[in-house]
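Dear colleague,

I am handing over the structure below, together with an account of what was found in it. Please read the text with the structure open beside you.

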Amino acid sequence: MKYIDEFNDPALARRLIDEIHAVAVTGPWAMMEVCGGQTHSIIRHGIDQLLPDTVELIHGPGCPVCVTPLEMIDRALEIASRPEVIFCSFGDMLRVPGTGRDLFQVRGCGGDVRVVYSPMDALELARRHPDRQVVFFGIGFETTAPANAMAVHEARRLGVANFSLLVSHVRVPPAVEAVMEAPDCRVQAFLAAGHVCSVMGTAEYPRLAERYRVPIVVTGFEPLDILEGIRRTVLQLERGEHRVENAYERAVHADGNPAALRMIDEVFEVTDRSWRGIGVIPESGWRLSPAYRAFDAELRFDVTGVRTAEPAACRSGEVLQGLIKPRQCEAFGTECTPRTPLGATMVSNEGACAAYYLYRRLEAGARSATRGETITLV
């Protein structure tokens, strides 16, 4: 299949790996991928183990489920427990632990919790059940914001007053700033998430590259996409450059998706947002704008005062900031597993802890492959 098989070609992967080894002559270089999908691809294919010892991949806060704050999860649990509510969410949110329970357990206790594939599915449920309150859990980065904005826009246009959105949207560029401002930051470059940039474009990145003097390379998700992004990033680091490069031109344009951006600007406004395990990052999220505030589930159900605390044994915040690898957490694989998760990074489809557990990165192993080894991409 085009863009699948051709971006998993072992021979081309070997050529890119050889080029990375050839150009990485100084270093050490540490770059962060800001996408949980890229993290899973890296760990699944062993890309990090094929790189030179002088090139390190740091996993960043690129999992939207993982960075949804605990207090927002508890608000979702409170709303979903109400008998008048049909609570709708994507499936990867149902196992995310709140304080003492998750959405699966709420459903097991009689709550009407439903998995949908689009916020428009939730809007249709609201139209079919005018006697119920239908709430959609709107999380994610710039990638999912346009569809959630469209659902609220359509609810107002159609007069569907029993629909509302529990909003926990976050924005990538402020997170990059937060990472770089951390006193113990080791990041020297970023692999930017291609799907985010397909919506937002690249306009917000040049100032960050210049301010922090870091290369930012927009990268896709298949193995060859990621290797090409790493190759370009290492070249910039070796040359002392700090530019924004687009290595995902088949999906990303400099101005992004103008129609999607207009919808976001109409329905949402920028706000400070709390990130799970990290804390509040200024202007790092969206909330519904005044014209659409009547569809805000937090206000409709008066759950704005929830305050919680993370489990003491969970170090997912350090994982999300790239300060540790998952297996450096003492609870990883023992007290914390996909069946008994302490944090969202162990249950999300894009969580770094889940990737390390799924692909058996349970103990420290060989850092890199020798240049004569066979590459197998699956």
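In this predicted model, strand β6 (residues 163–170) and strand β11 (residues 279–288) are paired in the antiparallel sense over 2 bridges, and within β11 it is Trp 286 that stands opposite His 169. On β11 there is also the pairing with strand β10 (residues 268–275), where 7 bridges join the two strands and the sense is antiparallel; Ser 274, for instance, has Val 280 in β11 as its bridge partner. The hairpin formed by β10 and β11 has 3 residues between the strands, and in this hairpin Gly 277 takes a positive phi near 80 degrees.

These strands belong to an open sheet of 6 strands with mixed pairing, whose order is β4-β3-β5-β6-β11-β10. At the edges stand β4 (112–115) and β10, and because each has a single partner strand, one side of each is left without a neighbour in the sheet. If direction is ignored, neighbouring strands of this sheet are turned against each other by 25 degrees on average. Towards the β4 edge, strand β3 (residues 85–89) runs parallel to β4 and is joined to it by 4 bridges, with Ser 89 having Val 115 in β4 as its bridge partner.

Helices pack on this sheet as well. Helix α5 (residues 70–80) touches β3, β4, β5 (133–140), β6 and β10, and its direction makes about 165 degrees with that of β6. Helix α9, for its part, lies across β6, β10 and β11 and runs at about 175 degrees to β11.

Helix α9 (residues 172–181) also meets helix α11 (residues 205–212): their axes come within 10 Å and cross at roughly 5 degrees, which means that α9 is roughly parallel to α11. On the α9 side the contact is made by Val 172, Pro 173, Val 176, Glu 177, Met 180 and Glu 181, and on the α11 side by Tyr 205, Arg 207, Leu 208, Arg 211 and Tyr 212. Sorted by class, this contact of α9 with α11 has 7 nonpolar residues, 4 charged residues and no polar ones. In the loop between α11 and β8 lies Arg 213, a residue other than glycine that nevertheless has a positive phi, near 55 degrees.

There is a further open sheet, of 5 strands with parallel pairing, in the order β2-β1-β7-β8-β9. Its edge strands are β2 (55–59) and β9 (244–246), each of which pairs on one side only, and the twist from one strand to the next averages 25 degrees. Within this sheet, strand β1 (residues 29–33) and strand β7 (residues 189–193) are paired in the parallel sense over 3 bridges, and Glu 33 stands opposite Leu 191 in β7. Helix α12 (residues 223–239) lies across β1, β2, β7, β8 (216–219) and β9, and runs at about 170 degrees to β8. In the loop that leads from α1 (10–23) to β1 lies Pro 28, which is joined to Gly 27 by a cis peptide bond with omega at about 5 degrees.

Turning to the protein as a whole, there are 16 helices and 11 strands. The C-alpha atoms fill a box of roughly 65 × 45 × 45 Å, taken along the principal axes. How does the radius of gyration of the protein compare with that of a compact globule? For 378 residues a compact globule would have a radius of gyration near 21 Å, and the protein has 21 Å, so the two agree.

Finally, a word on confidence. The mean pLDDT of the protein is 91, and 94% of its residues reach 70 or more. Residues 365–376, however, have a pLDDT below 50, although this stretch has 25 contacts in the model beyond near neighbours in sequence. Where pLDDT is low, the predicted coordinates should not be read in detail, and I would ask you to keep that in mind when you look at the contacts of residues 365–376.

With best regards

Notes:
Residues numbered from 1 in each chain as written. Predicted model: local features only at pLDDT ≥ 70, side-chain atom pairs only at ≥ 80, totals over all residues. Heavy atoms only, no water. Axes fitted to C-alpha atoms, helices over the stretch in contact; angles between N-to-C directions. Parallel < 35°, antiparallel > 145°, perpendicular 65-115°, else oblique. Contact = heavy atoms within 4.5 Å. Nonpolar A, V, L, I, M, F, W, Y, C, P; charged D, E, K, R; others polar. pLDDT = per-residue confidence, 0-100. Pairing = 2+ DSSP bridges. Rg over C-alpha atoms; globule rule 2.2 N^0.38 Å.
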